[in-house]
Every structure is written in C-alpha cells, then in structure tokens.
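Grab a pencil and open the viewer. Below are some short exercises, each with a solution you can follow step by step.

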Amino acid sequence: MDLFARACAIKEKVRSWRRRMHENPELGLETENTAAFIEKTLAEIGVKNARRCGKTGVVALVEGSAPGDCIGLRADIDALPVHERNDLPYRSRVQGAMHACGHDVHAACLLGAAQLLYELRDSFKGSVKLIFQPGEEGFRGAAVMIEDGALEKPAMKSIYSVHTWPELPAGTVGLRKGPVMASAQPFRITVKGKQGHAAHPHRCVDAVLITGQIICALQSVMAREVAPLETGVLSIGSVHGGTKNNILPEEVRLEGTIRAFSTQVNQQIIDAARRIAEGTAATLRGSAVFETLPGLLPVFNEDDVYAKMREAFEQTLGPERLVDLPLPSMGSEDFSLFLEQVPGGHFRVGVGGKEGPNHPLHSPDFTVDEACLPYGAAGLAALALKELGALK
C-alpha cells in the first residue's frame, strides 16, 4: 500500500476541489453551498451515505470490508470575514470573505482522504467517519455538530484533525507531543459610570477613563500574577462606548480573550482580571461587571496518540518529511470539544512556499503552496488506516 503515491495520483483532483471552495467562501454556520459541494463530491467518489449534521455540517462513513472500530477524521469548512488581496485566478469571488485560515485546504484534504479510503476499503475492517464542520471561527460549530449527533451512529474510537501551517514548508507535516493549541476563554467587562457633559467631568463618573485604567491595569496580570515559567495571554480586542465627543457615556463595554495551556492558569487569570476590573472601577467611583463566555479547552496530543501519529507519518511520508514542532500555538481550535468526548490528535501540514514571504493565518495575503495537498490527504488517511490495523 503506497498511500502517498496514491495521494499524489489524485493531486489535481484535490487541487480542483480546494480551488472551488477557495473561490466560494462562506462564513460561520452559513455554509450551505460548501456543504452541498462536499455532499456532491463524496457521492462522485462513491461515498453515498453523507448526511447533514448541525444544519450545514456534513458527516459521512467510509465502510471497510467487515464491522469493526470507527475512526473519525474532521475538517473545518468555514471562511473568515477578510477581503482577499491576492491576485490569483481562483481568488475569492465573495466581497469581504476569504479562506484566510486554510479551511479550504483542510476540507479538500479530507475529501482526498475519503477517496483514498474508499479505494482501499477492502483492506480494512471497521469504518472511517468523515466530519466536515462549519463554524470553527468563533461559532462553536463543533458543539453544534456534537449536539446534533456527530459523535453517534457509530461512536468513534478516536478522532484526528489537521491545520495548515505557513511556518512549515509545503512537503512537510508538523507534530508535537503535549500541548498543541491553547484554551480560549472569551470575556466581557461592562463598565458603568454616570453620564453627563464632557465640559463638566466633575459632575459625572467617567466610564471612558475607568475603562482606560482597567485596560492598563490588566496588563499586570501576566507580568506580576502568573508565574514566569507558566504561559498565558490576556488581550482586549474590542472597546465600545459613547455616542458623541462632548458626552461622557454611562457605559463602556470591553471584550477580550484569555489563552492558557492549563485550567489552573486560565482560572488564575480570570480571577485576577475580575478583581482588577471591579476594584479599579470602584476606586474611580464607578462599577464593573466581569463575565466569562463559553470557551474552549487546550488541544493536547497525549503520549500514546503522538507515538501512533508519528509512526503512521513515518511509514507513509518518510521520517524526513516529519517536523517536530518546538512550541505550541497560543491559537485555539474548537476541535478540543471533540477531544473532550473522544481521544485523538492534531497535526499541521506545511503550506509555506519556497520563495515567500509566507503570510500568517488570518491575513488578507495568506496563500498556500498546493504541493501540501497530497501530504494532508495521505496523512489523514494514514491515521485512520493505522488505527484500523491496515497500515503495518
């Protein structure tokens, strides 16, 4: 079974699938056309049991020669509200939307893995569940699919996912033992003051001033409250308040995110941020309410999962194509919601070009070297076949 050679043989087909999705990006949970394209493509491959899950997600099953374990492979399919600046023949046709995080690559690679697995279905017992998930970019699409039964009929023994990585060259895959991606804890702070004329601030309680003091004070959390050898991030990404330059508003809202690799550090940052926000506001005669919103756990590759993944990639792609990632990412992934329920792992596929510059994820200039596609498709298929005992 030369899985990588098979993946290279269908490279042009996978490329066409990726470009079709890149030209037609859809946001959040509104991925109807993308889901319809995936269903159509799976049927053309021969996988005719695809079903909707979570409204615009797709779940399908590649069944082997006999009953057995079920292994899950997941790809996200939604784009970002980013206007593409690349001058490509297949650039986004949708104003203000772009696959700037490589989800078109993820979905195309999973379709490629579906074709490889379908061609090799007589070589394994059990089944492979293909999960095409919308709403990864802040819409908790994994939760929506889980609530709609993505983990059931059949239940999965394990589950795997892939993500593009511009810091690695195309033709490589990246793997890491332990923490791979951080938790994501969104929060909101509502600051209350007393509204009045900006010319008479002494008769008001300035919610804008309080907000500025809170933002500055929050920077002390990582610098002075979290141990230096621990890792975490607290960032404010949104500040809204006021209607006119000469009115001090009654209310200002801040929204931000906390990132960490341990639940202990995450809670420590939450507790400190709440204390600072409420205390700072009270000192300046106002008030503040600190709220956390539904978040995500870190993504981890446990030791045994890492060992299986490494062996599968070395057998399929060769050890020279495997890169040990020295550091985890402070980015997050709602794939962690699947990992709460089912053991599994996560890897990176290098998409960096030879000439560069390789623009970062979420950039309007983000591009991928499509030489990555056989590596992503073969890598996903190899993980399933390894778990099912067909990759010796």
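**Exercise 1: a strand and its neighbours**

β3 (residues 70-76) runs parallel to β5, and four bridges link the two strands. Keep in mind that this is a predicted model. Your task: find which residue of β5 is the bridge partner of Leu73, then work out how many bridges β5 shares with β16.

Solution.
- Step 1. Start at Leu73 and cross over to β5: the bridge partner there is Tyr160.
- Step 2. Now look at β16 (residues 344-352), which also pairs with β5 in the parallel sense, this time over eight bridges.
- Step 3. Pick one pair to check by eye: His163 has Arg348 in β16 as its bridge partner.

**Exercise 2: covered or open?**

Decide whether β5 is mostly covered or mostly open.

Solution.
- Step 1. Use the cut-off: a residue is buried if its relative accessible area is under 20%.
- Step 2. Count the residues of β5 that pass: 10 of its 12 are buried.
- Step 3. So β5 is mostly covered.

**Exercise 3: an odd loop**

Go to the loop between α5 (141-147) and β5, where you'll find Pro154 and Lys153. What kind of peptide bond joins these two residues, and is Lys153 buried or exposed?

Solution.
- Step 1. Read omega for the bond between Lys153 and Pro154: about -5°, a cis peptide bond.
- Step 2. Read phi of Lys153: near 50°, which is positive even though the residue isn't glycine.
- Step 3. Recall the usual picture: most peptide bonds are trans, and most residues other than glycine have a negative phi.
- Step 4. Check the accessibility: Lys153 has a relative accessible area of 77%, so it's exposed.

**Exercise 4: another positive phi**

Where does Arg285 lie, and what is its phi?

Solution.
- Step 1. Arg285 sits in the loop between α8 (263-283) and β13 (287-292).
- Step 2. Its phi is about 75°, positive although Arg285 is not a glycine.
- Step 3. Exposed means over 50%; Arg285 has 56% relative accessibility, so it counts as exposed.

**Exercise 5: the largest pocket**

Describe the largest pocket: how many residues line it, and which strands each supply at least two of them?

Solution.
- Step 1. Begin with the space inside, about 650 Å³.
- Step 2. Count the lining: 29 residues, with Glu136, Glu137, Gly138, Arg259 and Ser332 nearest the centre.
- Step 3. Sort the lining by type: 13 nonpolar, 10 polar and six charged.
- Step 4. Look for strands: β5 (158-169), β8 (185-192) and β12 (251-260) each give at least two lining residues.

Note on methods: Residues numbered from 1 in each chain as written. Predicted model: local features only at pLDDT ≥ 70, side-chain atom pairs only at ≥ 80, totals over all residues. Heavy atoms only, no water. 1 Å grid on protein atoms, 1.4 Å probe; cavity = no way out; pocket = protein on both sides within 12 Å on 5 of 7 lines; lining within 4 Å. Points joined across faces, edges and corners; volume = space filled by probe spheres on them. Nonpolar A, V, L, I, M, F, W, Y, C, P; charged D, E, K, R; others polar. Buried < 20%, exposed > 50% of the residue type's maximum accessible area, 1.4 Å probe, protein only. Pairing = 2+ DSSP bridges.
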